[in-house]
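Q: Could you take a close look at one strand and its surroundings, and then at the salt bridges? I would enjoy a connected walk through the details.

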Amino acid sequence: MANSANAGNSARSETFDVVVVGGGPAGSTLAALVARQGHRVLVLEKEFFPRYQIGESLLPSTVHGVCRLTGVADDLAAAGFTRKRGGTFRWGATPEPWTFSFSVSERMAGPTSYAYQVERSKFDEILLRHAGRSGAVVREGCAVADVIEDAERVRGVRYTDADGARREAYGTYVVDASGNKSRLFQRVGGERKYSEFFRSLALFGYFEGGKRLPEPNSGNILSVAFDSGWFWYIPLSPTLTSVGAVVRRDMADKIQGDRERALAALIAECPLIAEYLSGATRVTDGQYGQLRVRKDYSYHQTTFARPGMLLVGDAACFVDPVFSSGVHLATYSGLLAARSINSALAGLVDETVAIREFEARYRREYSVFYEFLLSFYEMHHSEQSYFWQAKKVTHHDRTEMEAFVDLVGGVSSGEAALSEADAMVERLRADSAEFAGAVDQLAHSEDGSMLPLFKSAVVSQVTREGSQVQMRALLGADAEPEAPLVPGGLVSSPDGMFWLPASSG
């Protein structure tokens, strides 16, 4: 490993097994999992932590699954984050809020049936510092300019360090975990396809002193639909709340101009959120002092990898945030990519096969959440709402459905899936009706039974993979043998760190 500067204007160069671009949840997760196997890992992060990132509501599989596998779960438990037992929604045909609890799911029952509401500046720093303690070299203030490649594969990256020096880092693998704003993902090839169905804008800020849901659900995220869109209301601490209004792109005029007035007007449109904020004051200084706008355009890259390079987290795909899937998809993709890299570096599985498994599983998980959200939006039945009418999947033209089927086809049936678009529409309609019926039962149930909700097809699909990761993290070799995702596919090793042929699982 060469550390000294070369003569002239040449960049200094080093060699690692893996170079990770981006120190967010996806990059930190992958770095920790690969470094813990004794491999040389470099993490290049352009900012200095802690840094602001939009607040996040986590899922149990992230906390008790992926973070347990990386070894950072105890650090999260000690951080004092707000516990969430489920979610509360004013959504669908019923006028009253309804609540689901993770504990009702057979896959998430027990002492781990909770997640956290986290301030991302704190959460992300915990993960990044843990990656460093796990053996990764972490460098902040380092801006990556481009990859180094040849005709066969990506070989490394060029970057500028915190002192302004030009440097090069070579690796067997380069992982782009730099989020949705980086352009490094373009070096993988393919194209980024945006969903016309989920093209929204969010206006959000932070409030002190907002109301809380009654116990035992005071830590739940509250999601409230109203005619112009929907609100999130996330209790990040006993007094601090993240509040955001999401509106469709066609209604962007509602958040243009004076942001203070725009948010106040949207809050006034939504009586439940107005009630919860009636005694609150907006934070106007520090990292939470701004009112921010974010484009939550859902998208996926048509390819997630090429020889020597993989995309994880938002560099690969992003889906509408209503179900708090952002950090889940980021950390899960970091786990999948780490398994593939660990397996290839150890010679356990052919590189091409290992990378194919990563991409198939990650693409499938994204598509499951995408399909769930289509069903979730479809169950809103307000005929007076332009916003929701525009989002009804059964009223949408065939182009969007073909794009979705094409996405799913990237996992399994390829072009053949396109001939089944009508069947896909019918299945989505049936799943949405089943989901809406389960919610209606929950809202009107005297005993608060949520079993129909978790047994519905869309919710069962969403919880399946995350709960499997969670059980493997908790039970290790005692977990039930895993079945391959597709015929001839791979399975994870008992410790969750590698891929193995199914016959060896």
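A: Happy to; here is a look at one strand, its partners and then some charged pairs. This is a predicted model, in which local features need pLDDT of at least 70 and side-chain atom pairs count only at pLDDT 80 or more, while totals for chains, interfaces and linings use all residues. Residues are numbered from 1 along each chain as its sequence is written, and side-chain values use heavy atoms, with hydrogens and water left out.

Let us begin with strand E15, residues 240-248. Helices (H or I, at least four residues) and strands (E, at least two) are DSSP runs, numbered from the N terminus. In E15, 9 of the 9 residues are buried, so the strand is largely enclosed by the rest of the structure. Buried here means under 20% relative accessible area, exposed means over 50%, and partly exposed lies in between (1.4 Å probe, protein chains only). The cover reaches both faces of E15: Leu240, Ser242, Gly244, Val246 and Arg248 are buried on one side, and Thr241, Val243, Ala245 and Val247 on the other.

Now for the partners of E15. Two strands pair if DSSP finds at least two bridges between them. Strand E12 (residues 192-208) runs antiparallel to E15 and is joined to it by 9 bridges; in one of these pairings, Gly205 has Val243 of E15 as its bridge partner. Strand E14 (residues 229-235) is also antiparallel to E15, with 7 bridges, and Gly229 stands opposite Val247. E14 and E15 form a hairpin, with 4 residues between them.

On to the charged pairs. Side chains of opposite charge can pair when their charged atoms come close. A salt bridge here is a side-chain nitrogen of Lys or Arg within 4 Å of a carboxyl oxygen of Asp or Glu, and the whole structure holds 26 of them. One joins Arg40 and Asp17 at 3.3 Å, N to O. Arg40 lies in the loop between helix H1 (25-35) and strand E2 (41-45), and Asp17 in strand E1 (residues 12-21), so this pair ties together parts 23 residues apart in sequence. Arg40 is partly exposed at 40% relative accessible area, whereas Asp17 is buried at 14%.

Glu140 and Arg129 also form a salt bridge, at 2.8 Å, N to O. Glu140 sits in strand E8 (residues 137-140) and Arg129 in helix H4 (residues 120-133), 11 residues apart. Glu140 is buried at 17%, while Arg129 is partly exposed at 27%.
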